[in-house]
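Trainee: I'm new to this one, so please pick a single part and take me through it slowly. I'd also like to hear how the chains meet once we're done there.

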Amino acid sequence: MTKKPVIGFAGMTHLGLNSAVAGAEKGFHIMCFDQNAELISELQSGKTNINEPDLSEMLNTNSERLEFTSSKEDLKKCNIVYISLDVPTNDKGASDLTPVNNMIELVNNSISGEALLVVLCQVPPGFTRSINRNPARLYYQVETLIFGRAMERALHPERYIIGCAEPSSPVHPLFSRFLEAYSCPILPMRYESAELAKTAINLFLAASVCTANSLAEICEKIGADWEEIIPSLRLDKRIGQHAYIKPGLGLSGGNIERDLKTVSQIGYENGAKVNIPMAYVEHSKYRKKWSIRKFFEHYDNPSEDFKICVLGLAYKENTHSIKNSPAVDLIEAMPDIEINAYDPVVKNIDSAKKLKFHNSSESAIKGADILFVMTPWNEFKELDWQKALISMRGEVLIDPYRLISHDITADYEHIVLGEG
Amino acid sequence: MNKVIVFGASGFVGQTFVRILDKENCEYIAHSSKTIDLTSPDSVEKIATTTKDGDAIIMLSALTPGKDESDRIAVNNLLMIRNIISGIKDRNIARFIYISSDAVYPLTSDIIDEETIPKPMNLYGYSHLIREKFLEEYISPEKLAILRPCAIYGKNDTHNAYGIMRFIRSAQESGDISLFGGGEEYRDHIHVDDLADIIFASYKQKTTGIFNVATGKSFRFIEIAELIKSSIDKEITISFKPRAVPIFHRHVNMCKLWANFPSHKPRLIDAGIMELLER
């Protein structure tokens, strides 16, 4: 049997740390490298500010197999090194690949010629083949991290999509040994196909999200209820149980937006028609303003001390990320009024608005004229709403994800997504 | 204090806007076709003479469909904007607010917002769009606001276009409201007082960029007719005649306007009609 490889992860990002901890959980010795010595020091003491279910526990239970370092020399001990940096995007979804290129150069110059380098970042098709390294020692691997479910996904992947120089040749035995530990199908293909496969997955998700949101709005207009329709779609095998068809406030988080941008750009440069992904972007921008429209529809003759409450700032539950968060957009669109906010994880945002953070939902709700529940955190689902709403001054509840039961809102104007 | 120069001050919107300037004690010059012919080359010098550095310009002058041949309307509308730009080219104006039209948008689009790509369906719409392009070419973005109102209504409306005011007049004068087809089309209408209020707010707030000006809640023509019928204390008949053009609807996403002018939210159509008929 091939010996157990030592695995390195270069970049202790959300992706890098979760992948590294999952690797350790599978019994591999993992070298966790980051140039940020302060971050490495924190991780060495078992601490992380990344909010993911089970992450902190597994970080500590696997500490013997997790070696944290900011010295590139330590990468020499690795048989395989993953490049696990985040690829930042701008407000139009365009990627900045500079940090990834710099990290690849650093790792390429640090590891032995025999070691394997695996790009795990979201890069555009054509990127991996352009890296100056022996193609037999160079792979691309699709990551399908989901914020809020990162450990679950890292430990139990549905499949591994591996980009290779020669997909007809067997995957390197050391790499196979590592991948096979996860007991899922391994799909080798050429670099470009694997890079585009990642984008394809996100485009199908975008299609589901935008179609659901579009139809949910129709429901709002004609008195139908999208929640009633959802089960009929899930039972259709062509759509499926796990389809992304819950109504929401557009695409957020940045990754799907990035792939829409990538495909649009490739089509634009190469003369392919890409109006469909562009339409997803447009529709998402429109849908993201749903709560803003609801606010202004109810902002009539406001009192001088008019105040709103925003519960939830993260773009979705179980994450600290506010990238493209509809709650942040809502806050930024508000007029000069008092905004009382609470989120279980996000404790501050950069805003010039009259924004006051509270340490509980109840405290933030007190005296509000309009309440927004913008992130479907479990904490909000489990809140004693009957009690919490007593201290509200107004009667408008803007609750896109239906976290408050209609049973207790008869005396309120309770507005939810997808219900007319 | 610098002054406001209003072009188109004797028109339906212009008169309403000038009343706000009076009320707010603003210094202004109110130009109309009687004081200056903007289509004439002579207007350039007149504009240059009366405009000083720091002045704000509110451009409301436009020939509208129905009064002239469409090609003459378009050409004259473009001459007007060219002459104004020539007249102010050596002046460091403080603000330029241009009142355009939602006619710049395609008729077949779904809900429109400021990012909807313009595609006018007639020369009148193109003349507004090209005027906007002229201004974007010659006026710096930090000084330019473009407002694109939907159909405008109000007491002194002289246009008699198909819509609220024609329906009210016809109901009051002949007891009949005549609709094309079944009056199925959705349209948004802005009250002239609200439009004038937003123009003034844009001037005071130094707002820049493009804004659609509407209420955000469209009504079908038949709903408007029914509303008028139920609000007038006499027998009104709603009659239907063959449709001259295919049905198209217009809905406007008002997020941008609301967020930038939160204290100037336009009244909804039903409220506006009730007010008009109570006067």
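**A close look at the largest cavity**

Mentor: Start with α1(A), since this helix gives the largest share of the lining of the largest cavity, 4 residues. Keep in mind as we go that this is a predicted model. To find the spot on chain A, look for α1 at 14–25, α5 at 150–155 and α6 at 173–180; each of these helices supplies at least two residues of the lining. In total, 21 residues line the largest cavity. If you want to head for its middle, pick out A:S19, A:Q141, A:R153, A:A154 and A:Y160, which lie nearest the centre.

What sort of residues make up that wall? Sorted by class, the lining has 14 nonpolar residues, along with 4 polar and 3 charged ones. The space inside comes to about 260 Å³. With a threshold of 30 Å³ or more, the count is 1 cavity, so you won't have to choose between several on that rule.

Now for the meeting of the chains. Chain A brings 13 residues to the contact, and chain B brings 8. Between them, about 920 Å² is buried, with carbon and sulfur atoms giving 64% of that area. Over on chain B, the residues losing the most area to chain A are B:C255, B:W258 and B:K265; together they make up 47% of what that side buries.

There are charged links here too: 2 salt bridges are counted between chain B and chain A. The side of chain B that touches chain A has 5 nonpolar residues, 1 polar and 2 charged. Polar contacts across this interface come to 4 residue pairs.

One residue to click on is A:K285. Its side chain meets that of B:E115 in a salt bridge, 2.8 Å from N to O. A:K285 also pairs with A:E282 inside chain A, in a salt bridge with an N to O distance of 3.5 Å. Why are A:E282 and A:K285 about one helical turn apart? Because they sit 3 residues apart in helix α10 of chain A, residues 275–288. Over all chains, the salt bridges add up to 28.

Note on methods:
Residues are numbered from 1 along each chain as its sequence is written. Chains are lettered from A and ligands numbered from 1 in the order in which they are written. This is a predicted model: local features need pLDDT of at least 70, side-chain atom pairs count only at pLDDT 80 or more; totals for chains, interfaces and linings use all residues. Side-chain values use heavy atoms; hydrogens and water are left out. On a 1 Å grid over the protein atoms alone, a cavity is a set of points where a 1.4 Å probe fits but cannot get out, and a pocket is an open set with protein on both sides within 12 Å along at least five of seven lines; lining residues have an atom within 4 Å of a point. Grid points are joined across faces, edges and corners, and a volume is the space filled by probe spheres set on the points. Ala, Val, Leu, Ile, Met, Phe, Trp, Tyr, Cys and Pro count as nonpolar, Asp, Glu, Lys and Arg as charged, and the others, Gly among them, as polar. Contact means heavy atoms within 4.5 Å. Buried area is the accessible area (1.4 Å probe) that two parts lose on being put together, summed over both. A salt bridge is a side-chain nitrogen of Lys or Arg within 4 Å of a carboxyl oxygen of Asp or Glu. A polar contact is a pair of N or O atoms within 3.5 Å; within protein, one must be able to donate a hydrogen and the other to accept it, and residues adjacent in sequence count only if both atoms are side-chain atoms.
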